[in-house]
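Student: I'd like to understand the labels people put on a structure like this one. Could you walk me through the reasoning behind them?

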Amino acid sequence: MKKIAYFDACVDTPEEIILAAGMTPVRLFGNPKIGIDKANEHVPPTHCVWARNILEQAINGLNNDIKGVITTHGCDCTNREFDIWLECVNIEFLYFLNAPLKRSETSLNFFIQDMNELIKQIEEKFNVKISSEKIREAIKKMNQIRGLLRKISRFREEMILKSSELHALVKYVQQSDKDEALKKLRSKLEDLSERKPFPNEKLKKVLLTGSVIDDTEFIQFLENIGFHIVIDDLCIGTKYFHDNIDEDGEPIKAIAKYHLNKPIYSTKFPSYERFEIIKNLAHTYKVDGVINIAQKFCEPVLYTHPYFNKKFKELEIPYLFVEMEYNRESYNQLTTRFEAFREII
Ligand code: SF4
């Protein structure tokens, strides 16, 4: 089956539209094992390491099944990088979806208009018809996926599911045929219902937030240090399945409303709204601490940190901020900082 990939820092891409076109949506991830070479010819040295990594892969050529890429506005970095993709990435179809930053009625109408333009361009390019009925069917399928992921995610609270397992599962869902994903999620739920909690007396419960964190090995690295990520605020995590889309309303409007009503993500401002969300999660899940990870040069997360630092201090909630390179060697270099945080919480 043909695939349309999406380059998206905050999962605002309407996968339902791609499904309704009879294609498979595939989220693009970085690859921490590759070196960066060609991308450096196009972006300045202070450009986000994660976005730079994806640019490198795209210049080198994506999988042949991928017939198009939607870049969805997450942060200014992805926004500006789209212009570079137009110049140096060889792909049949490229579309910039302008997911709005603001959450007003005007933004809602703006987002609806841009999604309708996306539909028109996919229809013309791939000679398909994307009907409202097909979008409704896709919404139902994605809602089943979201519902199963929410149920699965709750096993973290009972110390039955490790966050690395959930992370790998969400990545699988974001890159696979959705019918296969549904089968896998149902079987995972059955498996979890029969499991007993893992030994957890020495684990520290934390909330993980920050940039796109897409390397499951990094999550395992935190677990090996002695953290249990009981809740997260990540796009490969709760931001992907926080709620369902209304199945009865006008489908494009329902999709737009869903994305604009999601708890504000780390790539978006204002910081004080984000802080309230994270503070409430920290209290609800009674975490021992909050870990905020910025990929190197991730401006939205870097700008948020000073405010978070001040506010968490006031509340006496232990808070660790780390900016890191996008490669696995850097994890080991950070071991001491994470271990020290584990010791003090
Ligand atoms: S890691 Fe930060 S700067 Fe990079 S694409 Fe994501 S939000 Fe943008």
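Tutor: Gladly! Let's start with a cut-off: an angle over 145 degrees between two axes counts as roughly antiparallel. Keep in mind that this is a predicted model.

Student: Why are helix 5 and helix 6 called roughly antiparallel to each other?

Tutor: The axes of helix 5 (residues 132-153) and helix 6 (residues 163-175) cross at roughly 170°. That value is set against the cut-off of over 145, and helix 5 and helix 6 are therefore roughly antiparallel. Their axes also come within 11 Å.

Student: Which residues in helix 5 and helix 6 meet?

Tutor: Ile145, Leu149, Ile152 and Ser153 in helix 5 meet Leu166, Leu169, Val170 and Val173 in helix 6. By class, this contact has seven nonpolar residues, one polar and no charged ones.

Student: What makes helix 6 and helix 8 roughly antiparallel to each other?

Tutor: The same kind of reasoning works here. The axes of helix 6 and helix 8 (residues 216-225) come within 9 Å and cross at roughly 170°. With the cut-off at over 145, helix 6 and helix 8 are therefore roughly antiparallel. On the helix 6 side, Ser163, Ser164, His167, Ala168 and Lys171 take part, and they meet Thr216, Ile219, Gln220 and Glu223 in helix 8. This contact divides into two nonpolar, five polar and two charged residues.

Student: Now the sheets. Why is one side of strand 6 and of strand 8 left without a neighbour?

Tutor: Four strands form an open sheet in the order 6-5-7-8, with parallel pairing. Strand 6 (227-232) and strand 8 (319-324) stand at the edges and have a single partner strand each, so one side of each has no neighbour in the sheet. Neighbouring strands here are turned by 35° against each other on average, direction ignored.

Student: How do you know that strand 5 and strand 7 pair?

Tutor: Pairing needs at least two bridges, and five bridges join strand 5 (residues 204-210) to strand 7 (residues 289-295). The two strands therefore count as paired, and they run parallel. As an example, Gly210 stands opposite Ile293 in strand 7.

Student: What is the strand order in the sheet that holds strand 2 and strand 4?

Tutor: That open sheet has the order 2-1-3-4, with parallel pairing. Its edge strands are strand 2 (24-27) and strand 4 (93-97), each pairing on one side only. The twist averages 25° from one strand to the next. Strand 1 (residues 3-8) and strand 2 pair in the parallel sense over four bridges, and Tyr6 has Arg27 in strand 2 as its bridge partner.

Student: Why does Pro300 count as buried?

Tutor: The cut-off for buried is 20 or more other C-beta atoms within 10 Å. Pro300 has 23 C-beta neighbours inside 10 Å, so it counts as buried. Pro300 lies in helix 11, and it touches Cys75, Ser266 and Thr267, not counting residues up to four places away in sequence. Pro300 and Phe269 are 31 residues apart in sequence, yet 7.7 Å apart in space, C-alpha to C-alpha.

Student: Which helix gives the most to the shell around the ligand?

Tutor: Helix 11 does, with three residues. Helix 2 (49-60), helix 3 (76-88) and helix 11 (299-315) each supply at least two residues. Of the 16 residues around the ligand, Ala9, Cys48, Cys75, Ser211 and Cys298 come nearest. The shell divides into 10 nonpolar residues, five polar and one charged.

Notes. Residues numbered from 1 in each chain as written. Predicted model: local features only at pLDDT ≥ 70, side-chain atom pairs only at ≥ 80, totals over all residues. Near = placed C-beta within 6 Å. Nonpolar A, V, L, I, M, F, W, Y, C, P; charged D, E, K, R; others polar. Axes fitted to C-alpha atoms, helices over the stretch in contact; angles between N-to-C directions. Parallel < 35°, antiparallel > 145°, perpendicular 65-115°, else oblique. Contact = placed C-beta atoms within 7 Å. Buried ≥ 20, exposed ≤ 12 C-beta atoms within 10 Å, placed from the backbone.
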